[in-house]
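This report asks how the parts of one protein chain fit together, from its cores and strands to single polar residues. The sequence and the structure come first.

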Amino acid sequence: MPARTFRRGDRTIVVHEPERAETSVHEPGGDAAPTYVLVHGLGMAAEYWGGLDERLAQSGRVLALDLPGFGDSPKPAEALTVRETADLVAELLVEVLGDGRSAAARPVLVGHSLGAQVVADLAARHPELVDRIVLVGPSVNPRERTAHQQAARFLQDIAVMDPFAFARGVFAYAEAGLRWVLANLRPMLEHRMELVLPLVRADVLVIRGDEDRVVPRYWAQAVAALAPHAVYAEVPGRGHEAVPRQVGPIGDLIVGHSRGNRVGSVLAPHERRAALSKALGGSTTTRVGWVLRDYGFGARRRLVQLVARRPPERWRTGDPTLPDVVLVPGVHEHWSFLAPLADALNGAGHRITIVQGLGMNRRSVPETSRMLQRALARVAAPPAGRVIVAHSKGGLIGKHLLTDLVRGSGPLGSAGAARLDVRGAVTLATPYAGSARARWFFDPSMRAFLPTDVTIVELQRDATVNEHIVSIFGTLDAHVPEGSALAGATNVVVPAAGHFRLTASPAAHRAAIDAVAALADARLVPVDAPSRP
């Protein structure tokens with residue numbers, strides 16, 4: 001197998017490239033064949049992939065890597081962190097394939113175990129280089145992030161491991177040396193996959209062997225839930241090694257993914273919630289602690305509301321080429337409740353618009369939506385347009401406003417969409433399907449969140465504007481047990497717990513900034529349909 005060497009200082013990657021089949025094409029019709037880049041796991045090397053590289057070479061070019069210190073690559077002075085390895089691989093991709101400006105220069109990255117961490121980190125921080133990635137047996141389960149727990153899992157996996165894969169693994173570990181393997185174990189355990197995945201914009205395929213003892217199903221599904229554009233698949237009869245033999249099923253999945261086919265399943269909302277709760281929510285005691293902290297945070301922010309007088313003057317300034325952000329708080333909240341979120345958006349260059357007169361946001365969703373429309377109409381829309389950023393009930397108001405604009409059923413009529421120039425809505429912890437826990441409250445403004453409420457039902461059924469909505473939510477929300485996923489919208493899960501604390505989460509702030517940028521070039525297109533009541 002031909003090989004080339006890539007060096008940066010004392011860090012070396014050896015690239016093995018099997019011969020391509022002469023007939024390899026992406027699809028009948030002349031599209032360019034893809035390039036597959038294979039990134040092995042801890043202690044392994046390019047040989048780990050067995051016959052998968054030859055299988056993939058039937059449909060495109062294959063680059064199988066020996067990461068620094070493994071296989072044919074010499075050891076550097078120190079073990080690299082996952083981020084350093086990802087950056088090194090990114091530099092290699094630019095040198096070998098180009099800077100990603102053309103589709104042909106953007107490979108399909110395939111990572112196994114630790115290699116999956118490297119691939120995800122690269123995709124998150126170098127999005128221009130990759131459109132599609134495959135994460136096979138992605139590590140590390142956050143609930144088992146210690147060396148002895150991982151060792152115990154590995155010993156369990158040996159019981160279901162293919163003898164051929166076991167022998168190959170023992171040889172690879174011996175060749176690398178136990179000391180070097182352990183030196184690379186620490187960076188693997190320190191890397192936080194759950195913080196990286198929400199930032200990945202590439203299409204993701206998560207593959208797990210259905211007998212994998214190292215990567216439990218709930219964590220593999222949580223990986224698919226945390227990545228915004230992910231599908232999930234399992235390979236029967238395989239453990240954590242997953243690949244070395246019977247490469248056909250995995251090869252078919254990877255090739256299908258490279259062609260844009262949906263080869264896995266999109267997790268249902270209840271599957272996402274269950275996986276994330278188990279992977280990141282911790283024990284019942286831990287979850288109770290998070291809920292109490294969430295209520296404490298909410299109480300403190302409401303005390304701030306009592307003394308807040310006017311929005312900071314700095315919120316009025318920003319980059320005029322970026323959309324203005326219209327801040328819409330939740331029920332019993334006013335603008336000051338969302339100050340941490342607004343500060344983050346303003347720090348990213350957005351001007352913040354506060355609509356006065358909403359009080360504590362206890363009016364009905366339709367009434368508040370139309371008040372908001374009339375208020376925004378009094379000020380000319382900026383050239384870059386507006387994006388609503390809202391929390392909880394504010395998200396329902398945002399969706400109602402968008403629906404009014406596309407249907408011409410609001411107070412501004414058919415001219416509303418052009419006049420307000422609202423590009424979309426970014427919502428945090430919004431109860432799109434309502435909340436059964438609203439029945440615990442006697443306050444009518446809270447009981448309006450019941451799943452049977454007419455406005456909730458109407459908004460749930462009407463998907464006209466869902467593509468203009470980015471719904472951001474965390475791993476635990478005691479107020480919205482039904483979840484905040486919205487069909488047809490872009491749903492982003494961030495590694496943060498709490499209904500109220502989400503508004504102060506740096507991960508949620510980053511997701512909101514990215515979401516506003518994604519909506520900046522959108523336009524609401526009015527539709528001809530009967531007006532809603």
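What follows describes a predicted model, beginning with its nonpolar cores and ending with two buried side chains.

**Cores and helix 2**

The largest nonpolar core holds 66 residues, and within it Leu-65, Ile-133, Leu-135 and Trp-219 touch the most other members. Its largest share, nine residues, is supplied by helix 2, which covers residues 82-97. Apart from this core lies another, of 35 residues, which includes Val-331, Ala-377, Ala-390 and Ile-456. In soluble globular proteins, nonpolar side chains tend to be buried together.

In helix 2, the buried residues are Val-82, Thr-85, Ala-86, Leu-88, Val-89, Ala-90, Leu-92, Leu-93, Val-96 and Leu-97. The end C-alpha atoms of this helix are 22 Å apart, and this agrees with expectation because its 16 residues, at 1.5 Å a residue, should span 22 Å. Helix 2 is followed by Gly-98, which has a positive phi, near 110°.

Ile-133, when residues up to four places away in sequence are not counted, touches Leu-109, Val-119, Ala-120, Ala-123, Val-200, Ala-202, Asp-203, Val-204, Leu-205 and His-257.

**Parallel strand pairings**

Two strands, strand 7 and strand 9, each pair with two others, as the table sets out.

| Strands paired | Sense | Bridges | Example of partners |
|---|---|---|---|
| Strand 6 (132-136) and strand 7 (203-209) | parallel | five | Val-136 and Ile-207 |
| Strand 7 (203-209) and strand 8 (230-235) | parallel | six | Val-204 and Ala-230 |
| Strand 9 (324-328) and strand 11 (386-391) | parallel | five | Leu-327 and Val-389 |
| Strand 9 (324-328) and strand 10 (352-354) | parallel | three | Leu-327 and Ile-354 |

From strand 9 the chain crosses through helix 12 (residues 339-347) to strand 10, in a β-α-β crossover that is right-handed. Strand 7 is likewise connected to strand 8 through helix 8 (residues 217-226), and this β-α-β crossover is right-handed as well.

Both strands are mostly covered, with six of the seven residues of strand 7 buried and five of the five residues of strand 9 buried. In a regular strand the side chains alternate between the two faces of the sheet. In strand 9, Asp-324, Val-326 and Val-328 point one way while Val-325 and Leu-327 point the other way, and all of these residues are buried.

**Two buried polar side chains**

Where does Asn-466 lie in the chain, and what does its side chain reach? Asn-466 is found in the loop between helix 17 (454-461) and strand 13 (469-473), and its side chain reaches the backbone oxygen of Ala-487 at 2.7 Å. With a relative accessible area of 3%, Asn-466 counts as buried, because that value is under 20%. Not counting residues up to four places away in sequence, Asn-466 touches Lys-399, Leu-486, Ala-487, Gly-488 and Ala-489.

His-499 lies in the loop between strand 14 (490-493) and helix 18 (506-519). Its relative accessible area is 4%, so His-499 also falls under the 20% limit and is buried. The side chain of His-499 makes a polar contact, at 2.9 Å, with the side chain of Asp-477. When neighbours within four places in sequence are left aside, His-499 is in contact with Asp-294, His-391, Ser-392, Ala-429, Leu-476, Asp-477, His-479 and Val-480.

Methods. Residues are numbered from 1 along each chain as its sequence is written. This is a predicted model: local features need pLDDT of at least 70, side-chain atom pairs count only at pLDDT 80 or more; totals for chains, interfaces and linings use all residues. Side-chain values use heavy atoms; hydrogens and water are left out. Helices (H or I, at least four residues) and strands (E, at least two) are DSSP runs, numbered from the N terminus. Buried means under 20% relative accessible area, exposed over 50%, partly exposed in between (1.4 Å probe, protein chains only). A polar contact is a pair of N or O atoms within 3.5 Å; within protein, one must be able to donate a hydrogen and the other to accept it, and residues adjacent in sequence count only if both atoms are side-chain atoms. Contact means heavy atoms within 4.5 Å. A nonpolar core is a set of buried Ala, Val, Leu, Ile, Met, Phe, Trp, Tyr and Cys residues joined through side-chain atoms within 4.5 Å. The expected span of a helix is 1.5 Å times one less than its number of residues. Two strands pair if DSSP finds at least two bridges between them. A crossover is right-handed if, with the strands pointing away from the viewer, the path from the first strand over the helix to the second runs clockwise.
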